[in-house]
Every structure is written in structure tokens, then in C-alpha cells.
Amino acid sequence: MLGASGAALFQKLMTTKTVELCYSLKETLHLEIVIAFDGASFAEMRSWLGTDFTFIEQPHGDLGCRMQSVFEDTFAGGAESVVIIGTDIPGLNSQILEEALNALRTTEAVLGPTQDGGYYLVGLRKSNPEIFVNIPWGSSNVFHITFAKLANLNLPVHVLKILKDIDSPNDLQ
């Protein structure tokens, strides 16, 4: 078992890897990287990851509430499209991120499903609070429920390849 300190180190390493991956695409894809965080201060986040990013503190609430808040804040800041990605996805690479961002030029939504029924990436061209309410977060139906909500809202969805996420020590094997 990893224990609390091992899990924290793993999370820190995966977050650093994800931020570096996004940063490597910043110039070529004209990205603004916004890091939504919880459990730290703005100063701690800047000290750890640097000052090339916009940091926003996640609000309280379930995952849907937190993601919706990020979409609202980012669109209110002038973004034309927004992609939220998880930091627990070892298989995430630049090709997948480029595919997601390019898809948002012609479609309304992008989802990257995980093997356990959730998703590692969600991208939208406009904020819509209906997408993230009444979802049993952590269940094996998250992707399908979200996909169905997008379809019911007549929002075409581009689906990325399925990746594995790391939710428990057993997932590391």
C-alpha cells in the first residue's frame, strides 16, 4: 500500500506530469492553462507550479459543482472553449489533448471515457449547468449519463479513446 504520504506523492507527480504536458502545448495551441486546486493556498500553488498559470480555488460541493464552477469562471473570463482534464491519467498524451482541443472547433462537447465508466476529460464550447447535476459521481455510469445529457441538450459530442485512471492502489498495477 502507498499510505497517505505515498498517495500524496503520487498525486503530486501525476499533477506535475499533466501540467507539464499542457504547458508543452501552450504556445502551439494558444492555450491559457487554468489550474483549479483545493487544499492549498495560491502562494503554495505558485511556489510549486510557477507563475505561468492562472490558479482558481475550487468551491465546495460535489465534482459536478466544482467542474461547473470552473466552466463558468473560465467562460466568464473570455474563453471560447474549455477543457477540464483529470490528473490521474497515466496514458494521457499530447495527441489526445490536441484531438480534444481541435474537436471543439467543430463540435460542442468532447468526452474522454475511462475504463471504469467515468471520464478523464470534458470539454465544452459553452457552459451549461444541466450537464453536471444529478450524476452519481464515482459510479460506473458517469460517462453514459453525461453523454446522454449532452445528447438530450442537442450538443454533439466527440468521444476520445478510453484510458485508465488511477482511483485506488489496485489501479496502479
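**Helix H1 and the cores of a predicted model**

User: What follows H1 in this model, and what is notable about its phi?

Analyst: In this predicted model, H1 is followed by His30, whose phi is positive, near 55°.

User: How do you know that the span of H1 is close to the expected one?

Analyst: H1 has 27 residues, and the distance from its first C-alpha to its last is 38 Å. The expected span is 1.5 Å times one less than the number of residues, which gives 39 Å for H1. The value of 38 Å is therefore called close to the expected 39 Å.

User: Why is Leu21 called buried?

Analyst: Leu21 is found in helix H1, residues 3-29. Its relative accessibility is 15%, and buried means under 20%. Leu21 therefore counts as buried.

User: Why is Thr15 called buried?

Analyst: Thr15 also has its place in helix H1. Its relative accessible area is 7%, and the cut-off for buried is under 20%, so Thr15 is buried. Other buried residues of H1 include Gly6, Met14, Val19, Cys22 and Leu29.

User: Which elements do the buried residues of H1 pack against?

Analyst: They pack against E1, H2, strand E3 (82-85) and H4.

User: Which residues does Thr15 touch, neighbours up to four places away in sequence not counted?

Analyst: On that basis, Thr15 touches Trp48 and Thr87. These count as contacts because heavy atoms lie within 4.5 Å.

User: What makes Leu21 and Ser94 contact partners, given that they are 73 residues apart along the chain?

Analyst: The C-alpha atoms of Leu21 and Ser94 are separated by 6.6 Å. Contact, however, is judged on heavy atoms within 4.5 Å, and Ser94 is in contact with Leu21 on that criterion. Leaving aside neighbours within four places in sequence, Leu21 is also in contact with Leu92, Asn93 and Leu97.

User: Which residues touch the most other members of the largest nonpolar core?

Analyst: Of the 25 residues in this core, Ile35, Leu92, Leu97, Tyr120 and Leu121 touch the most other members. The elements that give two or more residues to this core are H1, strand E1 (34-37), helix H2 (42-49), helix H4 (94-103) and strand E5 (119-124). H1 gives the most, with five residues.

User: Which residues does Leu92 touch, not counting residues up to four places away in sequence?

Analyst: Leu92 touches Lys17, Thr18 and Leu21, together with Ile85, Leu97, Tyr120 and Leu163.

User: Which residues does the second, separate core include?

Analyst: The second core has 19 residues, among them Ile56, Ala109, Leu111 and Ile135.

Methods:
Residues numbered from 1 in each chain as written. Predicted model: local features only at pLDDT ≥ 70, side-chain atom pairs only at ≥ 80, totals over all residues. Heavy atoms only, no water. Helix = DSSP H or I, 4+ residues; strand = E, 2+ residues; numbered from the N terminus. Buried < 20%, exposed > 50% of the residue type's maximum accessible area, 1.4 Å probe, protein only. Core = buried A, V, L, I, M, F, W, Y, C linked by side-chain atoms within 4.5 Å.
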